[in-house]
Amino acid sequence: MRYLTAGESHGPAQTAIIEGLPANLLVQNEAINRELARRQLGYGRGGRMEIEKDQVEVLAGLRFGRTLGSPLALRVLNKDHENWLEKMAPWGQLPHSLDTVTQPRPGHADLSGALKYDVYDIRDILERASARETVTRVAVGAVAKELLKVFEIQVYSYVQAIGPVTAQLPVAASVVANYQAVETSPVRCPDPVVATQMMLVIDDAKAQGDSLGGVFTVVATGLPVGLGSHVQWDRKMDGRLAAALMSIQAIKGVEMGDGFAAAARPGSLVHDEIFYNSSTGYYRKTNHAGGIEGGITNGEAVVCRVAMKPIPTLYKPLNSVNMADHTAFAATVERSDTCAVPAAAIVGEAVVAWELALALREKFAGDSLDEMKANYRSYMERVAKR
Ligand code: EPS
C-alpha cells in the first residue's frame, strides 16, 4: 500500500492517491470530513482557517461507500485559490514582476529550495513546502483509520506543551481513557488549568508578532503483537513511525515511549517486565518502551512524543538577504498562524494511522477485507496458544 500527495497551498486543490487498500472497506465521507475539521481547530490559528472549510471529494476508487481495490483518489479544494487565480495560474505568466518573491524567510524551505531547484521566484518553493499539504495527509490518515477500526485499533493525540508551558500529565493510557477532556480543549490539553495558561502564552506571542511550538503525543491502542520487524532496518516499526512523524512540516524531534528520559535511568527502571495470565496471555504492567521492542509492536499501546518548532512565518522581523540583489532586509509577513501544535497533533495521528495500517497490510495482506480479516484471525489464534 502506498500514497502520494500533490498540491500547492494557494493552488486549486490538495490531492492524494492511495493504492493497495483491500476491496470492500467501508469509507464514510463523514469520517474523512470529521478528521479534516479536527485539523482545522486549535487555538492560535491565523486568518487562513477562516477561509477554508475543508471537505473531501472522492474522484476514484469507491462505489456506494466501499473500496473497489482500485486506487482511491481524493481531493480537497483550496477555497483561497480564488484569491490567487493570476499568481497561481498553471499557464500564462505572472501579471506583475513586483509579485515575484525574492526574500527568503529564515526557518522556511525558501532559500535552500530556491537554490536547489534553480528558481528565481521563491513562491515556486514555498507553495509546496507549506503545511497546507497536511490536509491530504489527514484525509489519507482518515482512510487508514477506517481500516484500523475494523481491527479495533484506535489512534489518539494530545498536547503536552506549548512554548514554555508544560502539563504534568498521567501515562498515555490514562489520558486516552478520559479523551473527551482532550477533544473539548481548544489546545488539546486535558488539564484545563494548563490549557488556559497555554492560550495565554499564545495570546502573548501573537501580541509580540512571534510564534510558538510545542510537544504533542500520539497514542495507538488495540495493536496486535508483531507489526514491523527486527530483521531489516527499514522494517522496524519505531523507525518507520519516527520517519513519518519527522516528515510533518516543522517537526524537529520524536521519542518512542520514555525516549530521552530512558537514557538517564538504569536498565532495571526502563525495561517493562513480562507477566502471563491464562485468559489474556502475556502482558506488562508498565509501558516505558512505548509499545515497540526490537522494532516489533509488543501489544501494548504505541506512544510517540513529538516536538514541533515555532512556525517560521513571523510578524516580528528576522534578518535575511534579498536573493535579487543580496541586500539585507528584515523579513516580515502579513498573515500566519501563531501556533499550530494542536493541528499538528491531528496530522501526527494521521501519519501514525497510515504507518500502522501499512504494517497491518504487510502482515495480513489480502485483496479483500474478508481475506485480510481471516488472515488476522488465524494469526491471533496461533499467538494466543503460545
Ligand atoms: C502555512 C501558512 C498559512 C497557514 C497554512 C500553512 O497559510 P497562508 O500563507 O495562506 O496564510 O494557514 O496552513 C494551512 C493553510 C492549513 O490548511 O493548515 C505555511 O506557510 O506552512
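In this predicted model, helices α5 and α10 pack with their axes 7 Å apart and at an angle of about 45 degrees. That angle makes α5 oblique to α10, and the crossing of the two helices is left-handed. On the α5 side, the contact includes Thr134, Arg137, Val138, Val140 and Gly141, along with Ala144, Lys145, Leu147 and Leu148. From α10, the residues taking part include Ile346, Val347, Glu349, Trp354, Leu360 and Arg361. By character, the residues of this contact divide into 14 nonpolar, two polar and four charged.

Helix α10 itself covers residues 341–364. At 1.5 Å a residue, its 24 residues should span 34 Å, and the end C-alpha atoms are indeed 34 Å apart, which agrees. Of these 24 residues, 22 are buried, so α10 is largely enclosed by the rest of the structure. Just after α10 comes Ala365, which takes a positive phi of about 45 degrees.

Helix α5 (residues 134–150) also packs with helix α1 (residues 29–40), at an angle of about 135 degrees and with the axes 9 Å apart. That makes α1 oblique to α5, and the crossing of α1 and α5 is right-handed. Among the contact residues of α1 are Ala31, Ile32, Arg34, Glu35 and Leu36, while α5 contributes residues including Val135, Ala139, Ala142, Val143, Glu146 and Lys149. The residues of the contact of α1 with α5 comprise eight nonpolar, one polar and seven charged.

Some residues of α5 take part in both contacts: Thr134, Val138 and Lys145 are listed for the contact with α1 and for the contact with α10.

How values were computed
Residues numbered from 1 in each chain as written. Predicted model: local features only at pLDDT ≥ 70, side-chain atom pairs only at ≥ 80, totals over all residues. Heavy atoms only, no water. Axes fitted to C-alpha atoms, helices over the stretch in contact; angles between N-to-C directions. Helix = DSSP H or I, 4+ residues; strand = E, 2+ residues; numbered from the N terminus. Parallel < 35°, antiparallel > 145°, perpendicular 65-115°, else oblique. Left-handed = near helix turned anticlockwise from the far one by under 90°. Contact = heavy atoms within 4.5 Å. Nonpolar A, V, L, I, M, F, W, Y, C, P; charged D, E, K, R; others polar. Expected span 1.5 Å × (residues − 1). Buried < 20%, exposed > 50% of the residue type's maximum accessible area, 1.4 Å probe, protein only.
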